[in-house]
Structure formats: structure tokens, C-alpha cells
Amino acid sequence: MSNKPFILSRRNFLKIASSGLMGAGLQIQFPSLFANEENTPYKPSAEHFIYLFMNGGMSHIDTFDPKPGADTQGEFKTIKGSNGHSICENFPNLAKLLDEVAIINSMTSKEGSHERGQYLFHTNYAPLGTIVHPTLGSWITKFTKPLNDTLPPLIHIGGSRFGAGYFGPKFEPFHLGNASSGLPNIKIPNGTTEEQFKEKLNLLEQLDNNFQSKYTESNVQAYNEYYKDANKLMFSEDLKVFDLKNESEEMRNLYGKSEFGNGCLLARRLVEKGVKYVEVTNGGWDTHENNFEIMRNKSTTIDQALSGLLIDLKNKNLLHKTMVILTTEFGRTPKINSKNGRDHFPNAFSCLMAGGGVKGGTIIGKTNERGDAVIEEPVSIFDLNTTIAVAAGLNPEKEFTSPVGRPFKISNSGKVINRIFG
Amino acid sequence: MRLLKLPLFIIVVFLSFNSLQANDDIIKKLAESIDNALLKSGNASHFATISDEIFLRRTYLNIISRIPTNDEFKAFIKNPPTTRRKKLVQKLLASEEYREGMYPFWADMLRLQSNINGVYGDKYAQWVKTSIQNNKPYDQMVYELISAKGNLAQDPAIGYYLRDNGNILETASTTAQIFLGMQIGCAQCHDHAFEEWTQKQFYEFSSYIGKVSISDNKYIGDIRKNIKSEFFTPREKQIFEQVMNAIPFNVKDVNTKELKLPANYKYKNGKPNEVVKPHVFFGNQPEMTNLNERREVFAKWVTSKENPQFTKIIVNRLWKKVMGLGLFEPIDDYNSSTHVNHPEVLSLLEKIFQEINFDTKKFLEVLYTTNHYQVPTSFGDLQSKNYCVQERPLLRMRAEQVWNSLLSLTRKNINEYYSIDTPRPIEDYTAKLQLEGFTDANLIDIWASIKQIADNEILLKEEEAKKAKAPKKIDASSYMSQKEKTKELANKNQMAEIPKTQMMPVEPEPTKLKDRLQGLASDIPSPAPSNHFLYVFGQSSRMIIEQGNQDPTIPQVLTLLNGQLTTQFILKNSYIKRQVNQVQNNSEKIEYLYQVILTRKPTDSEKEIALKYLNKNTKTGIEDLMWVLVNTREFLFIK
């Protein structure tokens, strides 16, 4: 067995790609991994990503893969969408936009635990005690050029704990607990003017001068730089992006004023300002009990927010370069349990993609009549993540070694879902 | 000199009865032996040494994870120069805050979580803290972890097995890594790419713990049959589910369970699904008469003095904790390409730790007594890849050190923040059930107990609502001194004439911290929430081994500049604020703040700059100065 992991050099890669070996069967051409380092004819199809994660396992039958007439149908009827496909009746707004989105009804996985399933979705690897894998957002922001000087390229809204892993803190997402709160600790405390603040900073520079000039160790210097950057960030015009009050009432209502709606609205504002990757988490999908009442409420919120986001992105001419992904760690049992709920079901579930090169109106895959098995075009989590990485312009087959010497590829053997790009 | 006039035998008797002195002598001798070995190996003649001030701050931070108070500085200086450093080390090692210094060491290594797979892990954390505080010998502690059995109430050390959800291969892999410095995790799936270990060897190694099962649903069926949960209120149901969730966790060895090679095993030296026989891939094979006793035997092998890796790894870890850098790095990956700096010193450390029977506090005392511990920090990055004998690296405070240090500025006695009295009735009840076992009698009891817990919660909420509405009680004596103060001021308008004792404001009632998230670092749930100060400053998320880091980030800077701790708690009505308010003139105020925050006196020019600022900003000057000092790099880094 070979001792060293085979690392594709750029020259090798281009050579192989042009000979058709890597590109066999793939309709999208692999762009260069270091998009900011080299002139390349290959372009990523998405400049921005909005990743909407439904925490807890969103039922597929009660959303995008309804089973009218089957014993697993449950309490909801269907509504026909603009592309002829039917989805759950709780999504009237989304139904009108189905020719803008692609639905994958054949997601399948083996992970039925929340922690492992979520980890797998975010990092494309199964959890190990001795290593933390970077989240997809960190992959994408590490290897693509940032589009804004001041704002962080990777922002998590709503409490997602996944981060940069072995890429190190430089690629750690900015965490926002909720959309209304903005970046934590960014404002000068009440009672201090900007003028006074600057005077205090001046005093700080003077009193710390002895230490800073004597101790030139690199972490000290890094902090010195960050103190200057923080200053810039605090007084930057860009910060206004976090204030949702800058939007009209009409716009607020388009998304709905729920926490998730606010999160989606903030995601659009961030993307508009050049932020690369925004994740918005929404929890409460673990409907072991009382599935239908909960789904009715949550679906209305999601329907409003997601539709608002898609319409808004389209109107602002951002949708074609912003990939929106809505997914969850697994689906829920078609069989309804004794508490009127559905339990964990990784065997078959659904997710949704739009924009950033995605061909609207596409339906990928199929489940059987009851919704408990995938019968066409199975899509693994690895396939989904590979597809997103490729849309960002990354080479999913490039091998990287982690600090302890373990080799990793973004794809983890996943394959691009070609049909989704049309 | 007077002693020499006494007959010799009296001196000997005197010395042997004075065991403290004898102990000090042993420590001193051991420290000297380490110093000498290091000087010899490093080709140096002596060590430079740091000032008392730097020693004080460095040692407080290293042993109890915070900066010293003004009173503590005064107590230190009071001791005669020849013994003050030794006395300080001994005092800190014996203090209750020693736990603050050692707990992150263990929690990071064990990836300790307060919520292990949905089960309360506080008992496990408490076990670790108690073991630390009681100075349980290191080998014993590791033995207890590996051989833990029962439920969390019976043996909290089972948290070690719960951590990886019963995934034996993961537990075996982490055991090899943290205690033996061997990273064999790759071999879970294939022969190791770089080292000699094969996948089969990894399985053989793991099979020592291969019979472990972590959950036992034996009683769950019975309980659920007997408890009609539809008669619970929603909250009672939640409590019931929480209890039910914790009950099955019970670590034991199942005789019929065997570890097998995986179904896709591809090498020629074994067959897929073949049962593996226990075998270690280095050192002597553990003697095993009974294949069912294997965990104890394995634990004994891991922790044995004969195990070539066990002592080596821990002494290097402890060395790193004290000196800032290990003699080999990384500290948990000792492989064929590891370069050991000063190998004679490493061997000596191993010998010492074994001679004192893995007594951690004693070993630490030896290290803190060396002259090498007292060398100055480097100004720039350490130049050489080799371990530097004359300088130590300049390191940023760990997350726990920053937090505890800032907290210590807010109260007179930081230990008031520890052991928040929030009762945990659900965990306590679950523990009670686990200890008693299940009988028909306590099946009935479950119903009543859960209702009781829920009722108590309601009562507690009502009480707190009442308290919040009640008018604040004013302490009579504090009222008096305020009144006097106002009266005097009105009459004389000269503060200097009033004796200080009358002026002193009464220390306000310590507010019971309801929120554990504001307590001492070791009491905060692990890992800390992602918006918590500790997380922002790089505390390990306890998801992987040793993940804590001191890397610079912008959110940290924003937290120091604008966060609540440095703009509210420290500046307004904190202990040091009250103290500085009692000091009369600005010059002394500046000195006090420098002493308490930076553990030194201000230079003349610093004082001049600060005075100028205070004169210009009479209203906010002092608060601004406090804010500035905690925002300096000097505060954040450890000289």
C-alpha cells in the first residue's frame, strides 16, 4: 500500500481533466481550486451560498414528497406547483415558485442520530473522536476569494456549532445567535461617544507601547493587528447590513417577521454586501409527537420565508449567482406512530436547491408509493455536498492532508448531481 | 550558626522530626537534579531568573488559573526573599483553586462534556474535580477510568465510556492517544500509512475493552408499563423522559460479546468477521488467566511502571503545563519520527514521577521549584526548533485564565462564585434511582417523585416571583455609614478629615449567581455555549482531544473592547472599583490599578500619561484606565 497520499498537483489535474478521465460523464467543468491564484477559463456557478438547515429531521412526506392516498399520507393534502409537481398544501407560496427550484426526493443516508447526521451534512465526514472536520462553508471560504474587505466571509445565524475544524480559527464562522442581534459586541457601550472611544484607544496604545515594542512575538503582533481591524469593523458602514430596520415594512412582510424570516432577510442583505456563505439554522423539526400540528405551523413560517427569499433574490438579480440550499439531517418515518408523530428516517428524505446554476423545475429522484424507500436516482449526503462544492468552483477530488497527516477530499467519494445543473 | 553548637545527634533528631523540612529538602534535591541535567544537556552554566513580580503573576496563573489580588501580592512580599517563592508554590498547590488550574488539563484530554449523549455528565465532571483536589495518584485515576463499571451514580468514571457512545474502537483509539501517545486511529480502517501498526493489531488492542456495553434497557420496559404517562402534565412528562433517558446507561462487560474483524476486512492476516484475540502491540503482554477479566488486566497494563509509554507521556504533559512547551511535541503523538529534546531530562522526569508513585502535586512542586521554571520569557518567537533552556515561550492566557482573572477583579473572594447552589433535582433523583436499583416499591415511587419534582419547580418559581416584587431590604449598618458620610460631607466638605473606617462602604450582600454561565471556569457547563466568553477565547469545544487554543481572533478583541465583562461588571461597582474609590489621590489610584491588573508598578512615564488623562477626564477617567489596562497585550500574555 502506498505510503504517501496522492496529491493532485494543479498541472496533473488539468492534464487529466482535458484527457476526459476526470471529466467523464460530467457536464460541469471543474474550475481551478485556487480561483484567486490563476487565470482559468472555468467559472464557479455560484458566488454566494445560503444554506438553510432544518434541525431535527424534517419530514419529507409532509413537505416536498407527499403521498396522497397512501396509508402514510397523514393529515395533509397536496397542492400543485407551477411545474406540475405536487407538494404539501402547507406551502402555497413555494408551490408558485417550483419552476425556480430543484427538489431532491431521493436523499438517502445511514445516519439516524441527530448529532452524527448533522455532523455528516455539515462536514461531509462521519465524526471521529480525534479530529474535527471543517464545515462546508469553511472549505468554500478558505479556497475562494472574499468579495468584501470588512465583513466576514462566513456567517452562521441561529446557533449552528459547526466550524473550521482543523483549518484553524482563521476560517471560523462568525456566529450570530439570532438575526436581530447583529454581530456581538460590535457597538460601543451606551454612554460613550465615538470621540471618547477613540481617546480611550489612544490611551491604550500609549500605555501598552512598552510591552508591544519589546515583545514582538507573532501572536502579540496578530492581536495588535486585530485591534486595528476591530476598530475598522466597528465604525464601518458595512455594519448597517445587520440592522433589519433599514428595510421597508413591505420587505419585512415579504419574508414574514419570524426569527427564521429575519434570518433569511439578513442572509440576503449579507449576500448583497458580498458575504460568501451564510447558514441559517431553524430548529424544532424533531416531531416524534404531534407531527401534524407542529408541521402546519412550521411549514407556514418556512414557506413564507423561503419564498420571500427566492422572490427577493430574483428581483435583485442575485438568484442566478446565489445558491440556496434547504436541507435537514434525515427525514421522518412514513408510518405514523402512536403519538401522532413520525420518527427518524434516514432511508429516504428530501431537500431543496435553487439558484447558483441550479436548473429550476427539476425533480431529482423518486421514492415508492409509501415514501419509505428510494426507487430512482439515490442521492447521498456526499453527493449533495460535492455538488455544492463544485458550484463554488472547488475541485472536490483534490486531496488535502490535515495537521495530523490524514488525507481528506471534499467529496469523500460523493458524485456531482449533474442533472441539477441542467 | 547557632545550630552547629548543638551536639550532632540533636540536629539529626531535629531534622527527622521536622518532616516538612525533610520534604522540602527532597523537593529541592529533585528540582536541582532536573536543573543540572538540563544545563548539562543544553550546554549552559546557569539560568537567568525573573523578578518577584513576574514570578508571582506567572505562578498564580499557572497553578490556579488567575492573576493575584493586591492582598495576595502583599502577603507574598511579606515573606522573606529566600523562602517566598517556595512558600507561594506550596500555598497555591494546597489551595482550593488548584482545581481551576488542573481541571482544563483533564477536561481537554477527556473531551469531558456536561451533557454526554443527552445524559447529565455533571457527576463525571465532579468525579474529575474531586480526584484532582484529593490529589489522586495519576496511575490510579487512569486505572479507574479504563476499568469503570456501573451507572453514573455508582461509578461516575463511566463517563469515559459514555463519551463515545459505546463505540469501542473510538474509545480504544482515544485511550491509546491520550495515555500512551500513540495515534492509531487511522488503523481502524486500514493498515497505518506511515507507522508499523496494522488494522488487525488495532482490533486486537481494542478487544481488551471489546466486551463493554454501555446501556441496558432491562428496566425501561417495566417502568414504561407501569407508569401511565398520559396522566402527566407536559412538564412532568419532560422530567420523566429525562430520567428515562439517563437510566439505561450502565457500563459493564458482557461475556458473550466479542470484538470481530470488520465485514470488509481485506488483508490476508485475518478473515472478515473473525473474532479477535486480545493482544498489545508493544511492551509486555498483560498476563490474563481469565478472558472475562480483560479490562482490569488492560487497565493495569496501561498504567504500569513497566509500560514504556505511560509515564513518558504524562511527565511531558505536566512539563508542558509548567514550562509552556513539551520536551517533545506534539504531546500525544509519539511516533518513529518524534524528536525528543534533552532525552536525559525526559528519562529523569519519568524516573522521578515513578519514584514518587505518580503523585501529581508533588511532581508539580518539583517542577515549580526548578530554576528552569523561573527563566525569562522570550521577546520574539522562539528561534530554534529545539527546546530552549534559557528562555520560555511567551504564551497568551488560556480562555479559563482570562475569564477567571477578569472575574477576580469583580469580587473580593472569587470563590464565592464557585459551587453555585442551584439544586439539580432531576439529576439527583436519577442518581438515587440508579443507586437503589429497581424494585416494585420504587416503581410506584417514580410516579410520585416526578410529580414532586414538578411541583417543587412551580413553588420555586412562585417564590422567586414574590422576591422580585418585594421592596429591597436595606442593611441597617450600611444605611448608617451612608448617612454619616453624607452628614459629614455636608458639614465639612473635606473628605480627608473623615477617618477611613467610617467612610468604608459595607460590602454588599453577595448575590447568589443563578446563572452557572457566570461562574468560575471549571463550573461552567462543558463545552461552553458558542456565544460564551470561554468559547470565544478558544476553550476546547471538547469535541476532539486537546482542542483548546490561544489563537487570536477578532471576536475576542471585540469582546474585550465592548463586552459586558469589561464594560459593565469590572467598571461598575466591582470590588476593585470600590477599592480604588477609597484611595485618595490619582497617583495612588494608578498604582493600585497597575498592581492589581498588571501585577507591577507603573513606570514614571506611564504614570505621567495616566495622570494627564485622569486630569482631563475627571468623570470617567478611572473607569477608562481600568478598561485600558485589561485591553493591553501585556494583560493578555504571560511574561
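This report describes a predicted model with chains A and B, covering the interface, selected helices, cysteines and individual residues.

Residues are numbered from 1 along each chain as its sequence is written, and chains are lettered from A in the order in which they are written. Local features need pLDDT of at least 70, side-chain atom pairs count only at pLDDT 80 or more, totals for chains, interfaces and linings use all residues, and side-chain values use heavy atoms, with hydrogens and water left out.

## Chain B overall

Chain B has 30 helices and 6 strands. Helices (H or I, at least four residues) and strands (E, at least two) are DSSP runs, numbered from the N terminus. Of the 639 residues of chain B, 54% are buried. Buried stands for under 20% relative accessible area, exposed for over 50%, and partly exposed for values in between (1.4 Å probe, protein chains only). Contact means heavy atoms within 4.5 Å. Among contacts in chain B between residues at least 6 apart in sequence, 71% join residues at least 24 apart.

## The interface between chains A and B

At the interface, 65 residues of chain B are in contact with 53 residues of chain A. The area buried between the chains is about 5,200 Å², with 63% of it from carbon and sulfur atoms. Buried area here is the accessible area (1.4 Å probe) that two parts lose on being put together, summed over both.

Between chain B and chain A there are 4 salt bridges, a salt bridge being a side-chain nitrogen of Lys or Arg within 4 Å of a carboxyl oxygen of Asp or Glu. One of them joins the side chains of E289(A) and K237(B), at 3.9 Å from N to O. The count of residue pairs in polar contact between the two chains is 12, with both residues at pLDDT 80 or more. A polar contact is a pair of N or O atoms within 3.5 Å; within protein, one must be able to donate a hydrogen and the other to accept it, and residues adjacent in sequence count only if both atoms are side-chain atoms.

The elements of chain B that give two or more residues to the side touching chain A are α10 (168-180), α24 (554-562), α28 (604-616), α29 (621-630) and α30 (633-636). Of these, α24(B) gives the most, with 9 residues. By class, this side of chain B has 28 nonpolar, 24 polar and 13 charged residues. Ala, Val, Leu, Ile, Met, Phe, Trp, Tyr, Cys and Pro count as nonpolar, Asp, Glu, Lys and Arg as charged, and the others, Gly among them, as polar.

## Two covered helices of chain B

Helix α29(B) is largely enclosed by the rest of the structure, because 10 of its 10 residues are buried. W627(B) is one of these residues. Helix α17 (residues 360-369) of chain B is mostly covered, with 8 of its 10 residues buried. Among the buried residues of α17(B) are the charged K361(B) and E365(B). At the N-terminal end, D359(B) caps α17(B), with a side-chain oxygen 3.3 Å from the backbone nitrogen of K361(B).

## Cysteines

The structure holds 0 disulfides over all chains; the criterion is a pair of cysteine sulfur atoms within 2.5 Å. The sulfur of C351(A) is too far for a bond, because the closest cysteine sulfur, in C264(A), is 16 Å away. C351(A) is buried at 0% relative accessibility, whereas C388(B) is partly exposed at 26%.

## Individual residues in loops

D62(A) lies in the loop between β1 (48-54) and β2 (78-80) of chain A and is buried, with a relative accessible area of 0%. The side chains of D62(A) and R342(A) form a polar contact of 2.8 Å. Leaving out residues up to four places away in sequence, D62(A) also touches others, including F76(A), C88(A) and N291(A).

G283(A) is in the loop between β7 (277-282) and α9 (291-315) of chain A and is partly exposed, at 36%. With the same exclusion of residues up to four places away, G283(A) touches N55(A) and K298(A).

The table lists backbone features in loops.

| Residue | Feature | Loop |
|---|---|---|
| P330(B) | cis peptide bond from E329(B), omega about -5° | α15 (310-323) to α16 (343-355) of chain B |
| P527(B) | cis peptide bond from S526(B), omega near -5° | α22 (500-503) to α23 (533-536) of chain B |
| N124(A) | positive phi, near 70° | α3 (114-123) to α4 (136-143) of chain A |
| N135(B) | positive phi, about 55° | α7 (122-133) to α8 (138-146) of chain B |

N124(A) is buried, with a relative accessible area of 1%. N135(B) is buried as well, at 18%.
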